[in-house]
Amino acid sequence: MTTLVLSPHLDDAVLCAGGLIARSCQAGTSPVVTVTIFAGAPLGPLSPQATEFHQDCGLGDDAVERRRHEDARAMSVLGAMPVWLDIPDAIYRLNGAAHRYPTRDALFGAPRGEGFVVDRAVGMILEAVPDVESIVLPLAVGGHVDHRLARLIGEAIVDELQPTSTLWYEESLYESQQGARAWRDVGTSGLSVREVTLPDDLWALKRTAVASYSSQLKMLGFAVDEDNISMALRAERIWEAMKLRTEPSR
């Protein structure tokens, strides 16, 4: 049986839940597989937004290949196995010949007619990781369209498989950037949160894993040197379904 961790992009799961992943790997009770859903290469010309993203990250035509290499290195540090789906990032996806999400406002808005993406991703994940015992998925704080879709995909898998454990990780970086707006449309009904400050050993592993994403660190406001990775990442906020209280028998 497998612990399945869903990541919208090639860094999200480690940034938000790297300590949880490392702890699960160390427990050794089941293999940990991290599936990055939107890890496919562009299928057409880049939008101005995608071009700007590549420039900010120092990426070229091999952007996805390089980012997959970074992710493989990070997963090796934590002890998890990476799986990458060939579905392009929202900044690359097309609707016919037009870019589906051409602006930042669109990128942080509602999905635009992409139910087929949810169905396709669910099928691909169930085929790649058939024996799921527990699942960890994004809460979609910040409202990025790919995070919204990833949560829908994860919850569809939960409905299908009924795993023994379901956890949601919080994208705290978006809250630090957007403030209260980051929580717009984020459903937390029936969920409770616990904040975990990583002990030294797990923090050291997470810091090294985060430093693997060298193309992303400058854009995120971190130094490339792992010793300077933001201490804000040491605290991870993990959500789970609230347990119903039962009255003791008399």
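Let's start with helix H5, which covers residues 115–128 of this predicted model. How far apart should the ends of H5 be? At 1.5 Å a residue, its 14 residues should span 20 Å, and the C-alpha atoms at its two ends are indeed 20 Å apart, so expectation and model agree.

Now look at which parts of H5 are hidden. Its buried residues are Val117, Val118, Ala121, Val122 and Ile125. Looking down the axis of H5, you'd find these buried residues within an arc of 130°, so they line one face of the helix. If the spacing of those numbers puzzles you, here's the general rule: an α-helix has 3.6 residues a turn, so residues three or four places apart point the same way. Swing around to the other side of H5 and you meet Asp119 and Glu127, which are exposed. And what sits over the buried residues of H5? The cover includes strand S1 (2–7), strand S2 (32–36) and helix H6 (145–161).

Two of those names, S1 and S2, take us to the sheet. It's an open sheet of 7 strands with mixed pairing, and if you walk across it the order is S3-S2-S1-S6-S7-S9-S8. Which strands stand at the edges? They are strand S3 (81–84) and strand S8 (191–197); each has a single partner strand, so one side of each is left without a neighbour in the sheet. The sheet isn't flat either: ignoring direction, neighbouring strands are turned by 25° against each other on average.

Let's zoom in on the S3 edge. S2 and S3 run parallel and are joined by 4 bridges. Here Val35 stands opposite Val83, a residue of S3. Helix H3 (residues 63–78) packs on the sheet here, touching both S2 and S3, and its direction makes about 155° with that of S3.

Finally, check out two loop residues with a backbone quirk. Ala140 is in the loop between strand S6 (132–138) and H6. Its phi is near 80°, a positive value in a residue other than glycine. Asp185 has a positive phi too, near 70°, and again the residue isn't glycine. You'll find Asp185 in the loop between helix H7 (172–178) and S8. Are these two buried or exposed? Ala140 has 8% relative accessibility, under the 20% cut-off, so Ala140 counts as buried. Asp185 has 61%, over the 50% cut-off, so Asp185 counts as exposed.

How values were computed
Residues numbered from 1 in each chain as written. Predicted model: local features only at pLDDT ≥ 70, side-chain atom pairs only at ≥ 80, totals over all residues. Heavy atoms only, no water. Expected span 1.5 Å × (residues − 1). Buried < 20%, exposed > 50% of the residue type's maximum accessible area, 1.4 Å probe, protein only. Arc of directions from axis to C-beta. Contact = heavy atoms within 4.5 Å. Pairing = 2+ DSSP bridges. Axes fitted to C-alpha atoms, helices over the stretch in contact; angles between N-to-C directions.
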